[in-house]
Amino acid sequence: CLIKGTLGQQYVLKNEFSVSNKISKIEIKMDKNDYYPQEDIIVKGNAYKDNGKGVNGFILLTIQSEAFNTTITETVRDGFFWFNFSASSETKPGTYLMNVDIYEMSEEGNKTNEGISNANIEIKQVPTSFEIILDSQEIEPGTTLRFKPVVYDQAAGEILGLKGGMFILKDKNDVIVQQYEGDAGVFYEY
């Protein structure tokens, strides 16, 4: 915008300025991007308006997916925000989009300045249970026993490619009859 004042034939132009309702600079800072379920996810950052002044308003964080839903509203003071949250113990491992909406409000309760940003967070896979799967429900004496060790994560999904396990077969007297070193999800024979 430019203001022009006139008096008769004379006029004066004032310095050019702009009017904006944008929060143009949002910095989201996290100490890392990948987290275990129930681990504190600390989000902090800064938000500045087009005029360079720090925002005094609110931040609305949303993560929306079938496996992980959360909504958090916190305050932004002098351009700074900080909060923490965590994923539940059963959250499916994977990458989730964290949407951030930062805004200021008028006295009447209307949004006056607004900006959006986003960041990804990764929820790590954690082994939580173990199962032995037999390829046959009936085993005859003298026949080969085929079994597959399976490890499951916090969302009951099979962990694929898990390397370096040790599997021990014992007889009824607790004596080791066979020991295997290998990977989960692979069939072994005895």
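**Exercise 1. Asn69**

Task: In this predicted model, decide whether Asn69 is buried, partly exposed or exposed, and then describe where Asn69 lies and what Asn69 touches.

Solution. Begin with the accessibility: a residue counts as exposed when its relative accessible area is over 50%, and Asn69 reaches 54%, so Asn69 is exposed. Next, locate the residue in the chain, where Asn69 belongs to strand E7, which covers residues 69-76. Then look for its partners: when neighbours within four places in sequence are left aside, Asn69 is in contact with Ile63 and Gln64. A polar atom of the Asn69 side chain also lies 2.9 Å from the backbone oxygen of Ser65. Finally, compare sequence with space, since Asn69 and Ala87 are 18 residues apart in sequence and 8.8 Å apart from C-alpha to C-alpha.

**Exercise 2. Gln154**

Task: Find out whether Gln154 is buried or exposed, and state which backbone atoms its side chain reaches.

Solution. The first step is again the accessibility, and because the relative accessible area of Gln154 is 9%, while buried means under 20%, this residue is buried. The second step is the position: Gln154 sits in the loop between E12 and strand E13 (165-170). The third step concerns the polar atoms, for the side chain of Gln154 reaches the backbone oxygen of Lys124 at 2.8 Å, and a polar atom of this side chain lies 2.8 Å from the backbone nitrogen of Val126. The last step is to list the surroundings, not counting residues up to four places away in sequence; the residues that Gln154 touches include Pro37, Ser89, Glu90, Ile123 and Thr128.

**Exercise 3. Salt bridges**

Task: State how many salt bridges a search of the whole structure finds, and examine the pairs Lys25 with Glu27, Lys32 with Glu39 and Asp174 with Lys170.

Solution. Start from the principle that side chains of opposite charge can pair when their charged atoms come close. The search of the whole structure finds eleven salt bridges.

- In one of them, the side chains of Lys25 and Glu27 meet at 3.3 Å, N to O. Lys25 counts as partly exposed at 42% relative accessibility, and Glu27 counts as partly exposed at 27%. Lys25 and Glu27 are also linked with Lys29 in a network of salt bridges.
- Another joins the side chains of Lys32 and Glu39, with an N to O distance of 2.5 Å. Lys32 is partly exposed, with a relative accessible area of 29%, and Glu39 is partly exposed at 22%.
- The salt bridge between Asp174 and Lys170 has an N to O distance of 3.5 Å. Lys170 is partly exposed at 46%, whereas Asp174, at 54%, counts as exposed.

**Exercise 4. Positive phi angles**

Task: Give the phi values of Ala156 and Asp174, and say where each residue is found.

Solution. Take Ala156 to begin with: its phi is positive, at about 65 degrees, although Ala156 is not a glycine. Ala156 is placed in the loop between E12 and E13, and a relative accessible area of 61% makes Ala156 an exposed residue. Turn then to Asp174, whose phi is near 70 degrees, which is likewise a positive value in a residue other than glycine. Asp174 is found in the loop between E13 and strand E14 (176-182).

**Exercise 5. A sheet and a surface patch**

Task: Work out in which order the strands of the open sheet are arranged, and identify the residues of the nonpolar patch on the surface.

Solution. The open sheet is formed by three strands in the order E11-E12-E15, with antiparallel pairing. Its edge strands are E11 and strand E15 (188-189), each of which pairs on one side only. Looking at E11 and E12 in detail, one finds seven bridges joining these antiparallel strands, and Ile133 stands opposite Lys148 in E12.

For the patch, the residues to mark are Phe130, Ile132, Leu134 and Ile139, which together have about 350 Å² of accessible area. Ile139 lies in the loop between strand E11 (127-134) and strand E12 (146-153). Because its relative accessibility is 43%, Ile139 counts as partly exposed, and this value also fits the requirement that residues of a patch have over 30% relative accessible area.

Technical notes. Residues are numbered from 1 along each chain as its sequence is written. This is a predicted model: local features need pLDDT of at least 70, side-chain atom pairs count only at pLDDT 80 or more; totals for chains, interfaces and linings use all residues. Side-chain values use heavy atoms; hydrogens and water are left out. Patches are made of residues with over 30% relative accessible area and no salt bridge: like charges are joined within 9 Å, nonpolar side chains (Val, Leu, Ile, Met, Phe, Trp, Tyr) within 5 Å. Accessible areas come from the Shrake-Rupley method with a 1.4 Å probe; for residues, only the protein chains shown count as cover. A salt bridge is a side-chain nitrogen of Lys or Arg within 4 Å of a carboxyl oxygen of Asp or Glu. Helices (H or I, at least four residues) and strands (E, at least two) are DSSP runs, numbered from the N terminus. Buried means under 20% relative accessible area, exposed over 50%, partly exposed in between (1.4 Å probe, protein chains only). A polar contact is a pair of N or O atoms within 3.5 Å; within protein, one must be able to donate a hydrogen and the other to accept it, and residues adjacent in sequence count only if both atoms are side-chain atoms. Contact means heavy atoms within 4.5 Å. Two strands pair if DSSP finds at least two bridges between them.
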